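Here are my notes for you on this one. Have the viewer open and click along as you read.

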Amino acid sequence: MIYPTQRAVWLVAAAAPVGLAIGIVAPGAWAAALAWVALMLLLVLADALLAPPLGTAALSVATPAAVHVGETIDLAPRLQRGERVLPATFAAELGGPMERVGPRTSTRFRAVRRGRAVLETLWARQAGPMGLAWRQTRRPGGQAIAVMPDIRPVRDEGMRQYLNSQHVGLRMRRDSGDGQEFQVLTEFQPGMERRSIDWKASAKHGELLAREYQTERDNAVVFAVDAGRAMSDPLGTVPRVDRAVSAALLAAFVALKSGDRVRLFSFAARPQVDSGTLSGTRGFARLHHAAADIDYGTDESNYTLSLVTLDGRLERRSLVVLFTEFTDPTSAELMLAAAQRMLKRHRLLFVLFRDAELEAIQDARPAEADDLVRANVAHALLRERRIVIERLRRMGVDVIEAPAEAMALTLVERYLRHRERVA
């Protein structure tokens, strides 16, 4: 295809003021401006014919399979005829969670959020020798780029916690085993958990004795991420669902290194992503890619449908780590009912982010009447939240409520505690 360059457009546009000036000075010579326009059109056409044809040139681009949020990539297209690389100007249209860096003709893009970016169209063009016309070729895209959360800043700390958990403690650890199996009775020592005391054996022997268990391996751990409307709201500058995915991936990395089997599941109004059960450190790459498909929802979360679906897909007793958020008593009641059903077969760990914004509103010193209203509303919401959390704990559900910045490492610590000893 042939297009005029910006230089040609300006030269043609210059005919208007020149023709106006000629018409004022010499009214009979105004047709010279039309002759100028006709001449420029002929020159554009001639320049286009002199430009090298692109029909036999191959337009290619190498897109990365995956990038991290915040990362900038350059698509760096190539126009080749045989083995010769031709000079050209490129442009690309990349849809999804990527934004262009620089002018419209730039092929640099930055990943701004999680998801899948798709290369929609790629253009290449060459100017003629006079710089008045472009010859342009277009190639449809189709390549997908997974935009994944960047967990590299916290992964090293997670690995340190994992390594510490392998060397610190009084329990003997075996590599084999499936489930929490009783290993031996030993004398109770300071620092051991009181719930490990075997009271009957202690009464029989006249001293405090504690049960030791071999560490679990090949456990089934499910990270279930609620991607509904409440989780799409920002916490600070980052949506809750993004923070949840980052924490889930870090804990999944440690779980896979520990020899456990991991599954990533997400839902909103209906189930979304299900990675299936994965094991081994190589399975982490598949989890990381599956996380890119967790979408931002605008509907209310359907706990009943989603958790019943998840329960039906699990073949054995699992630790289900559920990242969620509730905003009203109705959704909380539905969540509690679904959790009660899940407890019949599985262990549950609820993960909630502390709402620092509500806490700040509640604790702020009021300066006017509206501040008192906002503080009372925040207090009521936080009170309802505490009631729901207490009900979950009384049902036997473990609950984590931590600040967003500390959630990833807090979850890893709690997972390691569950792995070592389960009541």
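1. A word before we start: "touching", or contact, means heavy atoms within 4.5 Å. This is a predicted model, where local features need pLDDT of at least 70, side-chain atom pairs count only at pLDDT 80 or more, and totals for chains, interfaces and linings use all residues. Residues are numbered from 1 along each chain as its sequence is written, and side-chain values use heavy atoms, with hydrogens and water left out.

2. Now find F223. Leaving out residues up to four places away in sequence, F223 touches A248, A251, A252, V262, R263, L264, F265, V321, F323 and L411.

3. Next, the largest nonpolar core (buried Ala, Val, Leu, Ile, Met, Phe, Trp, Tyr and Cys residues joined through side-chain atoms within 4.5 Å). It has 44 residues, and F223, L264, L287, V321, F323 and L411 touch the most other members. Among the elements giving two or more residues to this core are β15 (220-226), β18 (261-267) and α13 (407-420). The largest share, 13 residues, comes from α7.

4. Look at strand β15 (strands are DSSP E runs of at least two residues, helices H or I runs of at least four, numbered from the N terminus). In β15, 7 of its 7 residues are buried, meaning under 20% relative accessible area with a 1.4 Å probe, protein chains only. In a regular strand, side chains alternate between the two faces of the sheet. A220, V222, A224 and D226 lie on one side of β15, with V221, F223 and V225 on the other.

5. Who are the neighbours of β15? Strands pair if DSSP finds at least two bridges between them. β15 runs parallel to β18 over 7 bridges, and parallel to β20 with 5 bridges. V225 has S266 as its bridge partner in β18 and stands opposite F323 in β20.

Conventions:
Buried means under 20% relative accessible area, exposed over 50%, partly exposed in between (1.4 Å probe, protein chains only).
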